[in-house]
Amino acid sequence: MRIQSHEVANEFLDIAPLVMRLLAADLRQTKDALNPAYFRLLALLSVEPCTLGELAERQMVSKPTMSNTITTLEERGWVVRKRGSQDRRMVLVRITPAGQAVLDGVQEQMIRRVAQILEPLTEEERRILLSGLNILRQVFELAILNQQAYSK
């Protein structure tokens, strides 16, 4: 029996919100009561500093909304705004060591939570799931690269 990509897409779109809802609820229960949007921003900034405009675009919010969010993260000591050394008009947002520590702690907590949920699976089921997740990662990374190339 041939499995159609439409069937896989439908199943994926049914499952992804369940995972995100569970993890978002867990994020709010952390000692820092982390808003999922803050988690995503800290994760982005842990890779590289970004401008407010870049962050707003990636999070699909307005620049004023992003500015307010970054102000909140600054007040918590998780990010700082720094003027560019070449162009003083450019302001880069950087994660602080405190922000990185919060991110690391929450990521570890999320890994433990998902591992707990996956614990009842057999070794073979875990192997199959991991293989499928690797394929999914590759497909979505390629889609993002294609999207970025197309938008330039």
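## Exercises on a predicted model: core, aromatic pair and pocket

Of the 23 residues in the largest nonpolar core, Leu34, Leu55 and Ile70 touch the most other members. The model is predicted: local features need pLDDT of at least 70 and side-chain atom pairs count only at pLDDT 80 or more, whereas totals for chains, interfaces and linings use all residues. Residues are numbered from 1 along each chain as its sequence is written, and side-chain values use heavy atoms, with hydrogens and water left out.

**Exercise 1.** Determine which elements supply the largest nonpolar core, and what Leu34 touches.

*Solution.*
1. A nonpolar core is a set of buried Ala, Val, Leu, Ile, Met, Phe, Trp, Tyr and Cys residues joined through side-chain atoms within 4.5 Å; buried means under 20% relative accessible area, exposed over 50%, and partly exposed in between (1.4 Å probe, protein chains only).
2. At least two residues of this core come from each of H1, helix H2 (36-47), helix H3 (52-59), helix H4 (63-75), E3 and H5. Helices (H or I, at least four residues) and strands (E, at least two) are DSSP runs, numbered from the N terminus.
3. H2 gives the largest share, 5 residues.
4. Apart from residues up to four places away in sequence, Leu34 touches Leu27, Arg28, Phe39, Trp78, Val102 and Val106, where contact means heavy atoms within 4.5 Å.

**Exercise 2.** Classify the aromatic pair and locate its two rings.

*Solution.*
1. Rings of Phe, Tyr and Trp (its six-membered ring) pair if their centres lie within 6.5 Å; planes under 30 degrees apart are stacked, over 60 edge-to-face, and the rest tilted. The count is 1 aromatic pair.
2. The ring centres of Phe12 and Phe140 are 5.5 Å apart and the planes stand at 35°, so the pair is tilted.
3. Phe12 belongs to helix H1 (residues 5-28) and Phe140 to helix H6 (residues 123-151), so that the pair links parts of the chain 128 residues apart.
4. Phe12 is partly exposed at 31% relative accessible area, and Phe140 is partly exposed at 42%.

**Exercise 3.** Establish whether Thr96 is buried or exposed, and give its setting.

*Solution.*
1. Thr96 lies in the loop between strand E3 (91-95) and helix H5 (97-118).
2. Because its relative accessibility is 12%, Thr96 counts as buried.
3. Beyond neighbours within four places in sequence, Thr96 contacts Gly77, Trp78, Val79 and Val80.
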